[in-house]
Amino acid sequence: MSTKEEVLAILNRNKEDYISGEDMAQILNVSRASIWKAVKALEDDGYIIEGITKKGYRLVSTDILNQEVLEKLIAIPVYYYSEIDSTNTEAKRLINKGIKAPFVVISELQTGGRGRRGRAFISDKGGTYYSLVVNNDNTFDTESVTTRASLGTVDAIDSLGFDTQIKWVNDVYLNGKKCVGILTEGVLSMEENRISEIIIGIGVNFGTKNFPDELKDICASLFPDGNTPISRAEFLARQIKCVINTLHEDDYIKRYRAKCFVIGLDLNVIRVDKTKRAKCLDVDDNAHLVVQYEDGQIEHLSSGEVTIRSC
């Protein structure tokens with residue numbers, strides 16, 4: 001861990017009392033100046049740290065993400081990073097190093113977050129970003145992982161008093177604006193010629209305060225004022241538990257249908273080379289979107305992208 005991360009861990013362990021910079025320097029075998037720089041860096045990251053002469057430092061903020069806190073809350077192995085390119089990418093790197101599923105990769109922010117179809121996913125401070133890695137061990141339906149993950153995420157968010165909806169396949173919406181991004185990827189085992197692990201990357205605009213101008217009208221944050229009922233660490237633990245539960249839920253599709261707001265709406269079905277006008281009839285038992293085109297043809301979409309058509 002870096003000095004900043006080690007100082008944060010010490011402050012968290014001693015958050016009911018003050019600890020001097022000198023004591024921290026002795027514990028970590030670094031200079032007092034290094035401790036001061038680490039404290040300032042933590043404050044720049046948004047942590048509220050109270051400093052009193054001759055008493056020391058005390059962590060005031062309870063919204064803490066670090067390895068120690070997350071390990072206490074989450075039942076499966078955790079790999080935490082204050083900053084990373086992409087949690088999905090890091091999950092693949094860990095798998096290649098021999099780390100066995102299940103495990104979860106969590107980061108404070110991503111510099112190269114990825115969305116569907118190669119799009120960038122804005123991953124600024126205040127959100128929750130993680131990749132859950134599970135074995136493809138025939139204990140759940142792999143084809144429905146993406147829709148199950150969206151429903152599990154909705155369960156976690158709605159437990160805080162919200163009423164979110166899902167835009168097929170896996171976009172979660174709050175008051176008409178997107179608040180969650182999900183990217184599911186499979187890892188191919190060349191020896192077994194099958195998908196051996198599934199990586200479920202989920203980003204939630206939990207306490208995100210600012211969006212780029214091009215996203216302000218289409219993205220929402222759960223708690224834009226920063227006044228959250230639980231910490232991000234607690235929310236991450238709740239999300240992961242809900243998603244894992246939904247992966248193994250026997251009859252999840254009824255609940256998914258009830259949350260999927262595109263049923264009954266006019267849509268544009270977007271292909272690589274063309275867009276077709278259609279009406280959404282239903283979501284079938286395989287989580288495929290049932291659409292009827294203008295020529296009367298009915299299709300069950302297993303993947304792809306749809307947009308709402310206003311006329």
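Here are four short exercises, with worked solutions, on a predicted model.

**Exercise 1. Reading a strand**

Task: Work out which side chains of strand 3 are buried and which are not.

Solution:
- Start with the general pattern: in a regular strand, side chains alternate between the two faces of the sheet.
- Now go along residues 78–81, which make up strand 3. Val78 and Tyr80 point to one face, and both are buried.
- Tyr79 and Tyr81 point to the other face and are not buried.
- Next, look sideways for the neighbour. Strand 3 runs parallel to strand 4 (residues 103–107), and 4 bridges join them. Val78 has Val104 as its bridge partner there.
- Finally, add the helix: strand 3, helix 5 (residues 87–96) and strand 4 make a right-handed β-α-β unit.

**Exercise 2. Finding the edges of a sheet**

Task: Find which strands stand at the edges of the sheet with the order 13-12-11-10-14.

Solution:
- The sheet is open, has 5 strands and shows antiparallel pairing.
- Read the two ends of the order: strand 13 (298–301) and strand 14 (305–308) are the edges. Each has a single partner strand, so one side of each lacks a neighbour in the sheet.
- From one strand to the next, the twist averages 45°.
- Zoom in on one pair. Strand 12 (residues 289–293) is joined to strand 13 by 4 bridges in the antiparallel sense, and Val290 stands opposite His300 of strand 13.

**Exercise 3. Two salt bridges from one helix**

Task: Say which residues Lys259 and Arg257 pair with, and how well covered the residues of each pair are.

Solution:
- Take Lys259 to begin with. Its salt-bridge partner is Asp158, with the closest N and O atoms 2.7 Å apart.
- Place the two: Lys259 is in helix 8 (residues 253–259) and Asp158 in helix 6 (residues 145–158), so the salt bridge ties together parts 101 residues apart in sequence. Both Lys259 and Asp158 are buried.
- Turn to Arg257, which forms a salt bridge with Asp285, again with a closest N to O distance of 2.7 Å. Arg257 is in helix 8, while Asp285 is in the loop between strand 11 (275–283) and strand 12, 28 residues apart.
- Check the cover: Arg257 is partly exposed at 24% relative accessibility, whereas Asp285 is exposed at 61%.

**Exercise 4. A nonpolar patch**

Task: Decide whether Met190 is buried or exposed.

Solution:
- Locate Met190: this residue lies in the loop between strand 8 (177–189) and strand 9 (194–204).
- Compare its relative accessible area, 68%, with the cut-off: exposed means over 50%. Met190 is therefore exposed.
- Together with Leu188 and Ile195, Met190 makes a nonpolar surface patch of about 310 Å².

Conventions
Residues are numbered from 1 along each chain as its sequence is written. This is a predicted model: local features need pLDDT of at least 70, side-chain atom pairs count only at pLDDT 80 or more; totals for chains, interfaces and linings use all residues. Side-chain values use heavy atoms; hydrogens and water are left out. Patches are made of residues with over 30% relative accessible area and no salt bridge: like charges are joined within 9 Å, nonpolar side chains (Val, Leu, Ile, Met, Phe, Trp, Tyr) within 5 Å. Accessible areas come from the Shrake-Rupley method with a 1.4 Å probe; for residues, only the protein chains shown count as cover. A salt bridge is a side-chain nitrogen of Lys or Arg within 4 Å of a carboxyl oxygen of Asp or Glu. Buried means under 20% relative accessible area, exposed over 50%, partly exposed in between (1.4 Å probe, protein chains only). Two strands pair if DSSP finds at least two bridges between them. A crossover is right-handed if, with the strands pointing away from the viewer, the path from the first strand over the helix to the second runs clockwise. Axes are lines fitted to C-alpha atoms, for helices over the stretch in contact, and angles run from 0 to 180 degrees between N-to-C directions.
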